[in-house]
Amino acid sequence: MKELATILLKSLSANPDNVVVEEKVENNKVYLTTKVSPEDKGKVIGKDGCIIKAVRTVLSAAAAKQNVKVTLKLED
């Protein structure tokens with residue numbers, strides 16, 4: 001999951017080197033915490049959060065194939 005989230009977020013970011021994704025796995029749940037540069041935050045979130053929702057949807061679809069649940073959090 002971490003690799004997929006990293007690829008998606010780096011492709012959206014103007015500064016892909018500043019994208020950091022941390023993964024924590026508990027039971028059948030994957031928790032992803034993401035940090036991006038402040039100038040890329042608006043691009044990653046999108047208007048009304050549509051971009052980050054789409055990223056979460058793609059991650060959820062990939063997680064469903066592996067029978068796990070995934071949560072993506074964007075930190076400041």
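1. Let me start with the sheet. Three strands make up an open sheet in the order β1-β2-β3, and the pairing is mixed. The strands β1 (20-26) and β3 are at the edges with a single partner strand each, so one side of each has no neighbour in the sheet. From one strand to the next, the twist averages 20°. Please keep in mind as you read on that this is a predicted model.

2. Now the two pairings in turn. β1 and β2 run antiparallel and are joined by seven bridges. If you would like a residue pair to look up, Glu 23 has Leu 32 in β2 as its bridge partner. The hairpin of β1 and β2 has two residues between the strands, and Asn 27 there takes a positive phi near 50°.

3. On the other side of the pairing scheme, β2 (residues 29-35) and β3 run parallel, with seven bridges between them. Two pairs are handy for checking the register: Lys 29 stands opposite Lys 69 in β3, and Thr 33 has Lys 73 in β3 as its bridge partner.

4. Which side chains of β3 are buried, and which are not? Strand β3 covers residues 69-75, and its side chains alternate along the strand. Val 70, Leu 72 and Leu 74 are buried and point to one face. Lys 69, Thr 71, Lys 73 and Glu 75 point to the other face and are not buried.

5. Thr 34 deserves a look of its own. This residue lies in strand β2. With a relative accessible area of 1%, Thr 34 is buried, because the cut-off for that class is under 20%. Apart from neighbours within four places in sequence, Thr 34 is in contact with Leu 9, Val 20, Val 21, Leu 72, Lys 73, Leu 74 and Glu 75.

6. Next, the helices. Helix α1 (residues 2-12) packs with helix α3 (residues 50-65) at an angle of about 155°, and their axes are 10 Å apart. That angle makes α1 roughly antiparallel to α3, because angles over 145 degrees fall in that class. The crossing in which α1 passes α3 is right-handed.

7. What does the contact between these two helices consist of? From α1 come Leu 4, Ala 5, Leu 8, Leu 9 and Leu 12, which meet Ile 51, Val 55, Val 58, Leu 59 and Ala 62 in α3. Sorted by class, the contact of α1 with α3 has ten nonpolar residues, no polar ones and no charged ones.

8. Ala 62 is one to inspect within that contact. Its place is in helix α3, and at 21% relative accessibility Ala 62 counts as partly exposed, because buried would require under 20%. Leaving out neighbours within four places in sequence, the contacts of Ala 62 are Met 1 and Leu 4. Leu 9 also belongs to the α1 residues listed for the helix contact, yet Ala 62 and Leu 9 are 15 Å apart, C-alpha to C-alpha, with their positions 53 residues apart in sequence.

9. Finally, back to the sheet, to see how the helices sit on it. Lys 29 and Lys 69 in β3, mentioned above, stand opposite each other. α1 packs on the sheet and touches β1 and β2, with its direction at about 155° to that of β1. α3 also packs on the sheet, touching β2 and β3, and its direction makes about 155° with that of β3.

Methods
Residues numbered from 1 in each chain as written. Predicted model: local features only at pLDDT ≥ 70, side-chain atom pairs only at ≥ 80, totals over all residues. Heavy atoms only, no water. Buried < 20%, exposed > 50% of the residue type's maximum accessible area, 1.4 Å probe, protein only. Helix = DSSP H or I, 4+ residues; strand = E, 2+ residues; numbered from the N terminus. Pairing = 2+ DSSP bridges. Axes fitted to C-alpha atoms, helices over the stretch in contact; angles between N-to-C directions. Parallel < 35°, antiparallel > 145°, perpendicular 65-115°, else oblique. Left-handed = near helix turned anticlockwise from the far one by under 90°. Contact = heavy atoms within 4.5 Å. Nonpolar A, V, L, I, M, F, W, Y, C, P; charged D, E, K, R; others polar.
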